[in-house]
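Reader: I would enjoy walking through this one with you. Could you show me the model, so that I can ask how its labels were earned?

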Amino acid sequence: MTEADHVLRRAVLHFGAESRTIKAAEECTELSLALLHAVDGRANMDNICEEIADVEIMLAQLRLIYDHEKIS
């Protein structure tokens, strides 16, 4: 297991599944807004990249909480 995997697991254990699920929804909303801004000409590429990274982190945590096998 990598150090990143340990960090993800610690976050889930520390904050709890419900908290991580809510945070994932928030991050997805922020990414959605950033992408909509790209469509209407108000794109901020740095923000889009940041939000994608945030969503990827939260998805990794959700895989620990929910059925990783089914997701794969």
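Author: Gladly, and please keep in mind that this is a predicted model. A good starting point is the pair α1 and α2, whose axes come within 6 Å and cross at roughly 110°.

Reader: What makes α1 and α2 roughly perpendicular to each other?

Author: The angle decides. Angles from 65 to 115 degrees count as roughly perpendicular, and the axes of α1 and α2 cross at roughly 110°. The two helices are therefore roughly perpendicular to each other.

Reader: Which residues meet where α1 and α2 come together?

Author: From α1 there are Ala-11, Val-12 and Phe-15, and they meet Ala-17, Ser-19 and Arg-20 in α2. Sorted by class, the residues of this contact divide into 4 nonpolar, 1 polar and 1 charged.

Reader: Now α2 and α3. Why is α2 called roughly antiparallel to α3?

Author: Helix α2 covers residues 17-39 and helix α3 covers residues 45-65; their axes come within 9 Å and cross at roughly 150°. Angles over 145 degrees count as roughly antiparallel, so α2 is roughly antiparallel to α3.

Reader: What is the hand of the crossing where α2 passes α3, left-handed or right-handed?

Author: α2 passes α3 in a left-handed crossing. The residues that α2 brings to this contact include Ala-17, Arg-20, Ala-24, Glu-27, Leu-31 and Ala-34, while those from α3 include Ile-48, Ile-52, Val-55, Met-58, Gln-61 and Ile-65. By class, the contact of α2 with α3 has 13 nonpolar, 3 polar and 6 charged residues.

Reader: How do you know that the end-to-end span of α2 agrees with its 23 residues?

Author: We can set one value beside the other. At 1.5 Å a residue, α2 should span 33 Å, and its end C-alpha atoms are 33 Å apart, so the two agree.

Reader: Which residues of α2 are buried, and what do they pack against?

Author: The buried residues of α2 are Arg-20, Ala-24, Glu-27, Leu-31 and Ala-34. These buried residues pack against α1, which runs over 3-15, and against α3. As for the spacing, an α-helix has 3.6 residues a turn, so residues three or four places apart point the same way.

Reader: What comes just after α2?

Author: Just after α2 you will find Gly-41, which takes a positive phi of about 90°.

Reader: That leaves α1 and α3. What makes α1 roughly perpendicular to α3?

Author: Their axes come within 10 Å and cross at roughly 70°. That angle falls in the range of 65 to 115 degrees, so α1 is roughly perpendicular to α3. The crossing of α1 and α3 is right-handed. Leu-8, Arg-9, Ala-11 and Val-12 in α1 meet Ile-57, Ala-60, Gln-61, Leu-64 and Ile-65 in α3. By class, this contact of α1 with α3 has 7 nonpolar, 1 polar and 1 charged residues.

Reader: Let me pick Gln-61. Why does Gln-61 count as buried?

Author: Gln-61 lies in helix α3. Buried means under 20% relative accessible area, and Gln-61 has 4% relative accessibility, so Gln-61 counts as buried. Setting aside residues up to four places away in sequence, Gln-61 touches Leu-8, Ala-11, Val-12 and Arg-20.

Reader: And why does Ala-60 count as partly exposed?

Author: Ala-60 also has its place in helix α3. Partly exposed is the range between 20% and 50%; Ala-60 has 24% relative accessibility, so Ala-60 counts as partly exposed. Ala-60 and Ala-24 are 36 residues apart in sequence and 9.9 Å apart in space, C-alpha to C-alpha.

Reader: What about Leu-8: buried or exposed?

Author: Leu-8 is found in helix α1. The value for Leu-8 is 15% relative accessibility, under the cut-off of 20%, so Leu-8 counts as buried. Apart from neighbours within four places in sequence, Leu-8 is in contact with Ile-57, Ala-60, Gln-61 and Leu-64.

Reader: To finish, how many helices and strands does the whole chain have, and what share of its residues counts as buried?

Author: The secondary structure of the protein chain comes to 4 helices and 0 strands, in the pattern α-α-α-α along the sequence. Of its 72 residues, 19% count as buried. The C-alpha atoms fill a box of roughly 40 × 25 × 20 Å, taken along the principal axes. Among contacts between residues at least 6 apart in sequence, 62% join residues at least 24 apart.

How values were computed
Residues are numbered from 1 along each chain as its sequence is written. This is a predicted model: local features need pLDDT of at least 70, side-chain atom pairs count only at pLDDT 80 or more; totals for chains, interfaces and linings use all residues. Side-chain values use heavy atoms; hydrogens and water are left out. Axes are lines fitted to C-alpha atoms, for helices over the stretch in contact, and angles run from 0 to 180 degrees between N-to-C directions. Angles under 35 degrees count as roughly parallel, over 145 as roughly antiparallel, 65 to 115 as roughly perpendicular and the rest as oblique. A crossing is left-handed if the near helix is turned anticlockwise from the far one by less than a right angle, and right-handed if clockwise. Contact means heavy atoms within 4.5 Å. Ala, Val, Leu, Ile, Met, Phe, Trp, Tyr, Cys and Pro count as nonpolar, Asp, Glu, Lys and Arg as charged, and the others, Gly among them, as polar. The expected span of a helix is 1.5 Å times one less than its number of residues. Buried means under 20% relative accessible area, exposed over 50%, partly exposed in between (1.4 Å probe, protein chains only).
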